[in-house]
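Dear colleague,

Please find the structure below, handed over for your consideration. My findings follow it.

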Amino acid sequence: MSRFKLIDASRILVLAVAVVAVALPLLWVALATFKTPADLNQPGIIGFTPTMANWTEVLSSDIFAAVGRSVLVATVTVAIAVVVGSMGAYSIARFSTGGSLSRFGILAAQVLPPAVLVFPFLSVAYILRLNGTLVPIIFSHLSFVVPVVTWFLIGFFAAVPKEIEEQARVDGFGRFDTFRLVVLPQVLPGIGAAAIFGFTLSWNDMFYGLILSPSNSTILPVAIAGFNTFRGVELGPMAVAILIAIIPVVIASFFVQKRLVQGISGGAVKG
Amino acid sequence: MARVTFDNVVKKYGDTTVVKGLDLELPDGAFTVLVGPSGCGKTTTLRMIAGLEPVTSGSIRIGDKDVTKLEPKDRDIAMVFQNYALYPHLTVRENLAFPLRAIRVKRAEALARAEAVAATMGLSELLDRKPKDLSGGQQQRVAIGRAIIREPSVFLFDEPLSNLDAKLRVEMRTELLQLQRRLGITSLFVTHDQEEAMTLSDFIVVMRDGEIAQQGKPKDVYDKPNNTFVASFVGSPKMNLLEGTFSTGKFVSESGLTLAVSGVPAGKKILGVRPDDIVLEVGGKSASRGRIGVIELLGPRAIVQVEASGQSLTAVVEASRMDGIVEGAEVGVSVRAGSHHLFDSVTGLRI
């Protein structure tokens, strides 16, 4: 066996371990949706009699209302984040707004534990009489989606050649029209990826949702946690809900994976 | 159409002064070429007219309008960049029509005008292509077409030919000149290539270190360079400049080469001789002897290096006179009568 074959073989081995580590839990969740509580309590046993009981239970519950609310929250969050973030990223990429610090400093807020912010959100929402609505959740999600989207887009804006902007200005356009008509179209793929990335961040958040959600109309991750009842964890229905939550994210990441790498490395490397 | 006037324009980046008090007037409707070595401030000067670089002090007028503080969009100019700067997301047709969008021309009319411009630029076949599917020369044509569509009062060209291959560059040069003649729009063309500058310009401005070294008609600049910098920069191959001393009827260079030059007052000076004014004669009667070094044959003429008394000279010899001019041959060296240029040995200024 030549040296290269050995390297190839070890490469495949490493990848196989990684795939198993990532895919096995997902597979387990998928199988769990078809198991009875009795089967679920015996995880060591491979064979089981499939049941649709979990699916019927969850699909007839109000889970889709929670899905709808999560979609609404994530969509509004992303819409605002993309508008604000693209302008912020352009400004940082082109004019070094805020100096070299802002490029990375913009992510500094991510270091804060969400617990620090959640109480202010709650009390402000209460004072504005917005508690019991989805508005505080949207604002709390903006606190981490906007910086990430902005940071993500910096590399894309930095890659737009300066000359075409100058050309547009000479061709008779003001700064904002230049941004809108010439710069934005160059970064559309990046904006698409950033939007999907931001959407999954919002979609996956449970902490803010748990505390800021209206008690009777919650968002999806909180609804999933709701299967942890005083009677114990209802693993079967929970697995169904988890699967419903995961599928859109998996599909989305499949479409943006290439841009995702470009955005993350572009934002990080270009100093 | 308009004159462009610079009034004591200064441009500083931090502590570095790039343009040092420029006073310049670009004649109305003429093709002016701004030429100089890299870093001489020529591109900065062009960009200041465009409004892409703010002016540190002084003022710029286009026609009678002071544009010093205006945004580029309010200056009524068009510019062609070195890398063409086509909008990658638009087709050729949309690229051409784009400047019309800024002045709110209706879409149908704008596209019709784009097609008309495309026809004059020979781009009709390519209207629906994206810039990435065009060759360098085609991209260049689109960039020029986009510049002329709005019929601005001033055209600015920032080394637009330097990314093209040599053959295409010469073709585009002619085309550009014909176009400018037809439209009669005041044009400023920046280049570091003195040959391009000489062939294109009605008016040439030679810059050096942020200052104008000389300006005028190309022939005047070539015939009477103001100083040793312009003398060696303009003209190819460049002028021979020899430091030495004049006495009655002759010149002796510092390395000891003696040349017959009459009618020059005695003293220490710099002698300038264009390569085509150096006469080489096989076995000639001239007292100054030289040995032929490298010969670069250009076809109708050749560039010949001559070593004479420790002095290296460049000569241009017509093909018909090349008999006996071979590497290593000994020749008589002389200066064509009345063709010499004189410069002060301290200041380098023309005497």
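The notes below begin with the whole chain and then turn to one helix and one loop residue.

This is a predicted model, in which local features need pLDDT of at least 70 and side-chain atom pairs count only at pLDDT 80 or more, while totals for chains, interfaces and linings use all residues. Residues are numbered from 1 along each chain as its sequence is written, and chains are lettered from A and ligands numbered from 1 in the order in which they are written.

Chain A contains 12 helices and two strands (DSSP runs numbered from the N terminus: H or I of at least four residues for helices, E of at least two for strands). Their order along the sequence is α-α-α-α-α-α-α-α-α-α-α-β-β-α. The C-alpha trace spans about 75 × 70 × 30 Å along its principal axes.

Of the 271 residues in chain A, 36% are buried. A residue is termed buried with 20 or more other C-beta atoms within 10 Å of its own, exposed with 12 or fewer, and partly exposed in between, the C-beta atoms being placed from the backbone.

Helix α7 of chain A covers residues 135-158, 24 in number, and reaches 33 Å from its first C-alpha to its last. In α7(A), 19 of the 24 residues are buried.

A:Pro50 lies in the loop between α2 (37-40) and α3 (53-60) of chain A. A:Pro50 is exposed because 11 other C-beta atoms lie within 10 Å. Its C-alpha atom is separated by 9.4 Å from that of A:Asp39, 11 residues apart along the chain.

Yours sincerely

Terms used:
The expected span of a helix is 1.5 Å times one less than its number of residues.
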